[in-house]
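Visitor: Before me is a structure that I have not seen until now. Would the guide kindly explain the terms applied to it, and what justifies each one?

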Amino acid sequence: MAITNKEILDEIEKLKKKIPTANGDFILLKKTVGDLEIGQQGLKDDIKELKERLLNPDDGVIARVNRNSDFRKESEERGPLCQKSFEGMEDNVHDILSWKNNVSKALWILFTGIAGIIVKILFLGN
């Protein structure tokens with residue numbers, strides 16, 4: 001049972017037909033792997049950028065959330081935010097409303113006087 005050269009050559013031919021280099025499949029496979037490597041590098045870059053945005057100790061999202069939480073906790077401990085400022089604004093609003101009322105009264109008096117003068121000129125002027 002010795003294997004002859006012809007049988008070995010036949011087996012080699014069968015293997016050659018199975019290798020993907022026959023119809024350019026190997027080249028296509030190589031190009032696809034190259035495209036995958038490029039895509040993988042893009043994903044690595046995106047993940048790196050996201051990590052920097054999240055974990056940056058100065059401007060990262062986590063740092064900002066922590067600062068916001070600290071500010072909120074301190075505000076709750078101090079009581080309402082800017083209570084004195086709101087009280088001062090309330091006084092200013094009252095002052096502005098009283099000024100508005102005084103100006104409205106003065107304008108009504110002025111317009112009534114002008115209307116009276118116009119009526120006198122039109123009807124009594126002759």
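Visitor: What makes up the accessible surface of the protein chain?
Guide: The accessible surface comes to about 12,100 Å², and carbon and sulfur atoms hold 64% of that area. Such areas come from the Shrake-Rupley method with a 1.4 Å probe, and for residues only the protein chains shown count as cover. The model is a predicted one, in which local features need pLDDT of at least 70 and side-chain atom pairs count only at pLDDT 80 or more, while totals for chains, interfaces and linings use all residues. Residues are numbered from 1 along each chain as its sequence is written, and side-chain values use heavy atoms, with hydrogens and water left out.

Visitor: What is the mean pLDDT of the protein chain?
Guide: On this scale of the predictor's confidence in each residue, from 0 to 100, the chain has a mean of 82, and 85% of its residues reach 70 or more. Among the elements, helix H4 (residues 83-124) has the highest mean, 88, and helix H3 (residues 61-78) the lowest, 81.

Visitor: How many helices and strands does the protein chain have?
Guide: There are four helices and zero strands. These are DSSP runs, numbered from the N terminus: helices (H or I) need at least four residues and strands (E) at least two. Helix H1, residues 5-18, has 14 residues, so H1 meets the minimum of four for a helix.

Visitor: Why is H1 called hardly covered?
Guide: The count of buried residues among its 14 residues is zero. Buried means under 20% relative accessible area, exposed over 50%, and partly exposed in between (1.4 Å probe, protein chains only). Of the 126 residues of the whole chain, 2% count as buried.

Visitor: Why is Glu11 called partly exposed?
Guide: Its relative accessibility is 46%, a value between the limits of 20% and 50%, and therefore Glu11 is partly exposed.

Visitor: What makes the contact of Glu11 with Lys14 a salt bridge?
Guide: The term requires a side-chain nitrogen of Lys or Arg within 4 Å of a carboxyl oxygen of Asp or Glu. The closest N and O atoms of Glu11 and Lys14 are 3.7 Å apart, so the pair qualifies. The two residues lie three apart in helix H1, about one helical turn.

Visitor: How do you know that Arg53 and Glu49 form a salt bridge?
Guide: Their closest N and O atoms are 3.0 Å apart, therefore within the limit of 4 Å. Arg53, at 53% relative accessibility, counts as exposed, whereas Glu49, at 36%, is partly exposed.

Definitions and conventions. Expected span 1.5 Å × (residues − 1).
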